[in-house]
Amino acid sequence: MPRKPIVGGNWKCNPVEHAKLPDLVKNFSGCDEAILAKCDVYVCPSNLHLAMVHDKFNAGIMVTPQNCNFKGCGAYTGEMAVDQMVDLGLKCCLIGHSERRGEFGLPTPKESDELLATKAAYILEKGLLCVYCIGEPLPLREKGLDALMAEAIIPQLAVLVPLLKGLEDKSRLVIAYEPVWAIGTGVTASPEQAQETHKAIRDWIAANVDQKTADEVRIQYGGSANAKNAPELSACPDIDGFLVGGASLKPEIMDVIKAIA
Ligand code: PEP
């Protein structure tokens, strides 16, 4: 079965005024049944705004938290439990964004691969779809594909192997490949760079999990994806969708969705 494309909009910690939320929701109003039959769509509002908008989108759009805790409800100040997401009827959770892996430019603790694997297991166990972000910093990209795979991507993927092996429906774990140097910078990986990295990720999964998983797992590209570059990136055989930051706060998000749907 061909992989169904998937596009996500990551609003990060935006907007400032909640009064702007209806306009941001409206940017996704073109996601009708016909589009959603061809492409999965999720949106990640900020933690504070999520519960205000989770029932405001067209049916089928998955409203998705940008993080979760690793365990459940209880004495976990400042955290969000997947059990609470289940109760709200949410279907998807995103974890491992590079900004949580220590790329804030602030001395906040980095989330480790082991912690993220624990969170991913918890998300999957509760029946949600898990979007798992990975990516490499610029110095590794400059060293070439082998180095960036060995030093960044493979360690990030290796912790997922038991989960991928045990997962019956491989579409429930989505890998978002986001080169850190392309996030929020306006610099996009070229289609050649993105395709060769997506293929290397898929080949690694084939060798270390199995061919069926490699064929079925969806790999999104993230990093300054927009209406202009989405058509060319969509034509790459191993790119199954996009995780979009800045452009998901604008009407052009529909063009990105349509490009791959
Ligand atoms: C992101 O936040 O995941 C992202 C890819 O941001 P941008 O599209 O703004 O680079």
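# Questions on the sheet and the ligand site

Me: Is S224 buried or exposed, and what is its relative accessible area?
Reply: This model is predicted. Buried means under 20% relative accessible area. S224 meets that cut-off, so S224 counts as buried, with a relative accessible area of 19%.

Me: Which loop holds S224?
Reply: Look at the elements on either side of S224. Strand β7 covers residues 218–222. S224 sits in the loop between β7 and α11.

Me: What is phi of S224?
Reply: S224 is not a glycine. Even so, its phi is positive, at about 55°.

Me: Which residues come nearest to the ligand?
Reply: There are 14 residues around the ligand. S224 belongs to the group that comes nearest. The full group is K12, E178, G184, S224 and G245.

Me: How far from an oxygen atom of the ligand is a polar side-chain atom of K12?
Reply: K12 is in the loop between β1 and α1. Its phi is near 50°, which is positive in a residue other than glycine. A polar atom of its side chain reaches an oxygen atom of the ligand at a distance of 2.8 Å.

Me: How far from an oxygen atom of the ligand is a backbone N or O atom of G184?
Reply: Backbone atoms face the ligand too. For G246, a backbone N or O atom is 2.8 Å from an oxygen atom of the ligand. For G184, the distance from a backbone N or O atom to a ligand oxygen atom is 2.6 Å.

Me: What share of the area that the ligand exposes alone does the protein bury?
Reply: Start with the ligand taken alone. It exposes 290 Å². Of that area, the protein buries 95%.

Me: Which peptide bond is cis?
Reply: Stay in the loop between β1 and α1, where P15 is found. The omega in question is near -5°. The cis peptide bond runs from N14 to P15.

Me: Is V16 buried or exposed?
Reply: V16 lies in the loop between β1 (6–10) and α1 (21–26). Exposed means over 50% relative accessible area. V16 has 78%, so V16 is exposed.

Me: How far apart in space are V16 and H54, C-alpha to C-alpha?
Reply: In sequence, V16 and H54 are 38 residues apart. In space, their C-alpha atoms are separated by 18 Å.

Me: What is the order of the eight strands in the open sheet?
Reply: The pairing in this sheet is parallel. Its edges are β3 (62–63) and β4 (92–95), each with a single partner strand, so one side of each has no neighbour in the sheet. Read from edge to edge, the order is β3-β2-β1-β8-β7-β6-β5-β4.

Me: Which residue in β8 is the bridge partner of I6?
Reply: Strand β1 and strand β8 run parallel and are joined by four bridges. In β8, I6 has as its bridge partner G241.

Me: Which residue in β8 is the bridge partner of G222?
Reply: β7 pairs with β8 in the parallel sense, over two bridges. In β8, the partner of G222 is L243.

Me: Which residues of β8 are buried on each side?
Reply: Strand β8 covers residues 241–244, and both of its faces are covered. In a regular strand the side chains alternate between the two faces of the sheet. On one side are G241 and L243, and on the other F242 and V244.

Me: Which residue in β6 is the bridge partner of V131?
Reply: Strand β5 (residues 129–134) runs parallel to β6 (residues 173–177), and five bridges join them. In β6, V131 is partnered by V174.

Me: At what angle to β5 does helix α7 run?
Reply: Helix α5 (residues 113–125) lies across β4, β5 and β6, at about 165° to β5. Helix α7 (residues 145–158) lies across β5 and β6. Its angle to β5 is about 155°.

Me: Which residues does S234 touch, not counting residues up to four places away in sequence?
Reply: S234 is in helix α11 (residues 230–234). It is buried, with a relative accessible area of 17%. Its contacts are F242, A259 and I260.

Me: Which side chain makes a polar contact with the side chain of N67?
Reply: N67 lies in the loop between β3 and α4 (82–88). It is buried, with a relative accessible area of 9%. Residues that N67 touches include C93, L94 and I95. At 2.7 Å, the polar partner is the side chain of K119.

Notes
Residues numbered from 1 in each chain as written. Predicted model: local features only at pLDDT ≥ 70, side-chain atom pairs only at ≥ 80, totals over all residues. Heavy atoms only, no water. Buried < 20%, exposed > 50% of the residue type's maximum accessible area, 1.4 Å probe, protein only. Contact = heavy atoms within 4.5 Å. Pairing = 2+ DSSP bridges. Axes fitted to C-alpha atoms, helices over the stretch in contact; angles between N-to-C directions. Near = heavy atom within 4 Å. Polar contact = N/O pair within 3.5 Å; in protein donor to acceptor, adjacent residues only side chain to side chain. Areas by Shrake-Rupley, 256 points an atom, 1.4 Å probe, with all protein chains shown as cover.
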